[in-house]
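User: I am new to protein structures and would love a close look at one part of this one. Could you walk me through a sheet and what surrounds it?

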Amino acid sequence: MNHPEWIAAYRRAGASRRLLTCVALLLAVASAAAAPPEKVALVGARIIPVVGPDVDRGTLLIEHGRIAAIGKDVKIPYDAMEVDVSGKVLFPGMIDPHSWRGLDQPNESLPVMPYLDVYDATDPSRLFFENALRDGITTVHVVQGNDCVIGGVTRVVRPIGLSLAEMTVAERVGIKLSTSPKRGFDRMLQMATLREAFLELDDYLERLAEQKYEEKLSKKEKKIDVGPKEARQRGRELIEPSDYDDAHANLVQLTRGQIDAWIYAGAATDVAPAIKIARDHGFLERTVLVLGPECFKAVDDIKASGRPVVLDDELVYRERDPLTGKLTETFVPKVFADAGVKFALQPSPDASLPERYLNYQAARCVREGLSRDAALRSITMNPAEAIGLGDRLGSLEVGKTANVVVLSGDPLNFNSWVEYVYIDGIRAYDRSKDPRLAELLGEEPEGEKKPPAEGEKEKKAEEDPAAKPDAAGNGKDATQGDASGGKSQGEKPGEKKDAPPGVRRPAHRDGAEGGE
Amino acid sequence: MTSRGDLNVECRMSNVECTTRWLMTTIALTVASGVTATPARAADPAGTAYRVGKVVTMDAADTVINNAVVLERDGKIEKVGRAPEVDIPSDYRIVDMPDHWLTPGFVDAHNHTAGSLRDLNDMVYLTNPGLRTLETIVPESELVKQGRAGGVTTVLLIPGSGTNLSGFGTLSKMGGESVDQMVVKSPGSLKIAQAGNPERYWFRVGRTFMNYNTRQTLEKARDYHLKWEAYEQQPDRADEPEYDPIWHEFRGLFRRDFPVSVHTQIYQVMMTTIDMLTVRLGLRTVLDHCTFDGYKIAPLVNETDAYTINGPRQYHFDRTERRMNGNAARWWQGGVRTLGINTDAPVVPEEELPYQAAMACWYGWKPYEALRGLTIIPAEALMLEKDVGSIEVGKQADFGLWTGDPIDPRSACELTVIGGKAVYDASKERRF
């Protein structure tokens with residue numbers, strides 16, 4: 001039972017092992033720290049800035065993760081990397097305004113849990129985040145699910161990064177509330193629990209104020225000299241932010257307007273209570289309503305409240321008359337658009353439905369008669385404003401974060417591919433280096449790309465109700481030219497799993513998304 | 001004395017190998033009786049000399065000595081060297097095993113069998129500060145005897161993972177007639193379990209709550225520690241803080257006197273472990289299990305001083321890559337060098353610790369590194385490297401004598417020594 005070979009080997013290994021270790025570590029560090037190019041010029045594409053007129057054959061210049069210039073005659077700095085994207089379309093990175101899909105589970109079981117933070121359960125290795133890149137989504141607002149009375153605080157992340165620190169765009173953006181009954185609750189219990197939470201908060205703050213006043217006096221070795229009401233009044237100014245306990249700290253911020261309210265109303269009847277509770281506790285101005293499909297019936301109330309809304313991924317509301325059996329279908333976004341309410345669309349949490357694509361959802365809006373502008377805004381600018389980042393995200397404008405999707409055609413043409421995704425100026429996704437997509441489609445990646453068979457193309461077009469002539473920009477054929485950065489010609493699929501330079505994201509978790 | 005018939009009944013090997021073993025045993029017994037016959041036996045020997053074929057020392061220079069002698073005196077290693085260079089004092093007992101390998105006793109950083117299994121986990125709350133496994137230790141239990149028959153000499157007995165914080169672990173030897181004789185250090189670690197088992201608590205809890213709850217429990221403990229620390233530094237400035245038995249043992253944790261043992265696996269959970277415990281709370285961290293796709297977190301682990309003690313699951317089938325991954329091998333490829341192996345006994349029997357390492361090697365790890373992962377690495381992880389984990393002068397005489405390389409599953413442990421005492425001797429009471 002001797003092993004002369006490896007015994008000899010490990011005796012030799014004494015010195016060389018350590019050397020190898022050092023080399024391996026250096027390599028690991030070097031590859032992780034490979035910085036993205038500071039300046040990138042995307043040249044020759046049709047630019048859809050969403051907030052202004054399109055630019056044909058324009059140039060978009062990215063400097064240090066921000067958009068530095070857009071236009072036809074942009075002077076490209078000598079040190080910028082030029083990427084030829086002629087024939088393609090530049091579109092702002094789409095924004096998922098409301099999703100629990102980055103979490104291990106949508107909700108915890110207790111009804112009132114404002115002390116939670118999605119920080120503790122967001123998983124960078126979820127397939128959801130990788131798919132977001134593939135779908136052209138560059139920003140995800142991670143919010144707990146609707147099965148709660150008060151849920152935890154939310155966080156805006158980008159779908160790249162090995163850890164939450166790397167992913168985070170904005171933390172503590174909002175807090176989740178729901179006026180629709182949580183599982184096992186009816187509406188009365190739901191609202192009673194919600195009211196009680198805020199009443200308890202008031203009571204807690206009163207007691208805290210009294211306690212602070214008492215503490216102040218005891219430091220001077222005095223006894224309390226006024227009645228409780230006056231003591232509470234005097235103690236109020238003595239409270240410091242660090243005095244609040246976990247159970248109340250976030251609610252205090254909510255009622256002071258330091259954090260947004262994301263209130264879910266699943267049915268029309270839940271809308272008025274949502275607006276009321278927000279108004280009663282002074283945070284209506286910082287409220288976003290997350291609506292179920294039926295809520296279009298309360299559009300007047302919503303309009304009067306002046307609040308932005310996030311619509312359900314089910315865009316059509318169907319109702320059958322119980323007596324006549326007549327089916328009425330309402331296209332929900334149309335109602336809100338007609339009423340002049342600012343709305344954002346959210347993708348379906350079910351990855352197997354086409355509703356998962358935000359541009360598909362927007363295209364359906366156009367089909368149902370909304371303006372192209374309203375449809376495009378509903379997946380870019382409106383969600384950016386809803387998450388409070390309208391000044392940084394949601395459009396292609398100078399000074400904004402360089403979150404850019406390079407599409408092979410018009411965003412509302414469902415035949416268009418997401419070719420590249422830039423996040424903060426980092427090329428986070430490159431379709432030619434997407435081995436999973438290549439495997440699914442039976443395509444040879446990069447360099448050996450074949451146009452899809454004619455039959456397949458027609459089939460795809462049939463399936464796609466959004467492929468309208470007016471919405472279609474450059475067709476699929478325009479994509480067949482080699483417009484890549486030309487960096488990785490001839491790589492084998494197996495070698496392409498590495499993310500582009502500058503991108504740190506874990507290979508996604510295998511297996512079903514729901515469980516371990 | 002064992003008869004040949006008895007051996008056959010117990011032996012799980014082929015007849016041929018059984019016969020070989022029987023022959024070996026007979027020879028060993030003859031040698032042993034020869035030893036008994038020496039006059040040194042009459043007056044207690046001053047020490048013991050182990051004459052062996054090979055000593056794998058696991059020291060910093062990776063020294064391997066062939067045809068070596070290890071001298072033991074007063075439970076410590078007195079001398080290690082090549083046979084011709086070591087003079088064996090005349091009053092030393094000689095254990096002559098010239099075909100055998102002598103390796104450091106194995107250290108298992110994740111064990112439940114040194115204590116009673118009935119007291120594995122008091123699942124009172126999701127976090128249970130104040131509990132400790134010291135109270136559950138059972139000396140000379142059948143499981144302890146079984147474990148040391150696999151060359152395991154030191155274990156960290158920790159509570160189960162049914163709750164997020166289940167109590168303090170105890171560093172314990174696998175030999176000793178009493179609790180006092182067994183225990184090396186208490187608390188030996190704080191046990192924390194993240195996700196997985198604790199999710200089954202009550203009506204199922206998720207990670208938002210579990211991580212919040214664990215963090216705020218530890219922050220309470222840290223605040224208690226800081227209050228005391230401030231007082232100790234400047235006793236005149238403030239009143240003595242109130243003593244609280246629930247939190248007092250946590251002080252050692254924040255002083256980094258002992259590590260936190262974390263039941264952690266899966267990417268997101270390991271990410272939270274590193275972020276919450278290692279980075280934010282600054283705890284000395286031993287990552288236990290580290291299975292499933294946890295190895296993908298290696299770049300973040302490499303930024304810290306955490307130890308990665310992998311097991312008992314040695315492989316992971318990645319459904320998207322459609323291939324088997326050896327967990328230890330992938331951690332190694334990810335640049336993790338403080339990598340060890342555990343059993344989580346009784347999930348995997350304690351005596352199969354080297355077999356776990358063998359599996360890790362079958363899936364692509366390296367045998368020598370695996371042997372380090374059973375000895376010096378877990379010893380360092382548990383902060384015992386001054387006493388155990390390698391065959392060096394002055395360290396405790398904890399070792400196993402094997403018929404060959406312990407990482408080779410065909411090898412058997414013939415003699416286990418703890419503190420100079422033979423706690424398992426196959427020639428007297430063969431277990432396998």
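Analyst: Here is a walk through one sheet of chain B, its strands, the helices that lie across it and some loops beside it.

Keep in mind from the start that this is a predicted model. The sheet is an open one, built from eight strands of chain B. Going across it, you meet them in the order β5-β6-β7-β8-β9-β10-β11-β14, and their pairing is mixed. In general, strands of a sheet pair through backbone hydrogen bonds, and the pairing can be parallel or antiparallel. At the edges sit β5 (106-111) and β14 (339-341) of chain B, each of which pairs on one side only. If you ignore direction, neighbouring strands of this sheet are turned against each other by 30 degrees on average.

Now zoom in on one pair of strands. Strand β10 of chain B covers residues 285-289, and strand β11 of chain B covers residues 307-310. The two run parallel and are joined by four bridges. To find your place here, look for Val286(B), which stands opposite Tyr307(B) in β11(B).

Next come two helices. Helix α8 of chain B, residues 267-280, lies across β8 (183-193), β9 (260-264) and β10 of chain B. Relative to β10(B), this helix runs at about 160 degrees. Helix α12 of chain B, residues 367-374, lies across the two edge strands, β5 and β14 of chain B. Its angle to β14(B) is about 75 degrees.

The loops that follow some of these strands have details of their own. After β8, in the loop that leads to α5 (207-233) of chain B, you will find Ala195(B). Ala195(B) is not a glycine, yet its phi is positive, at about 55 degrees. Is Ala195(B) buried or exposed? Its relative accessibility is 5%, and the cut-off for buried is under 20%, so Ala195(B) counts as buried.

Move on to the loop between β11 and β12 (315-318) of chain B, the place of Pro312(B). The peptide bond from Gly311(B) to Pro312(B) is cis, and its omega is near 5 degrees. Another cis peptide bond joins Ala345(B) and Pro346(B), with omega at about 10 degrees. Pro346(B) belongs to the loop that runs between the edge strand β14 and α11 (353-362) of chain B.

To retrace the route, start at β5 of chain B and cross the sheet to β14, then follow the loop holding Pro346(B) towards α11 of chain B.

Key
Residues are numbered from 1 along each chain as its sequence is written. Chains are lettered from A and ligands numbered from 1 in the order in which they are written. This is a predicted model: local features need pLDDT of at least 70, side-chain atom pairs count only at pLDDT 80 or more; totals for chains, interfaces and linings use all residues. Side-chain values use heavy atoms; hydrogens and water are left out. Two strands pair if DSSP finds at least two bridges between them. Axes are lines fitted to C-alpha atoms, for helices over the stretch in contact, and angles run from 0 to 180 degrees between N-to-C directions. Contact means heavy atoms within 4.5 Å. Buried means under 20% relative accessible area, exposed over 50%, partly exposed in between (1.4 Å probe, protein chains only).
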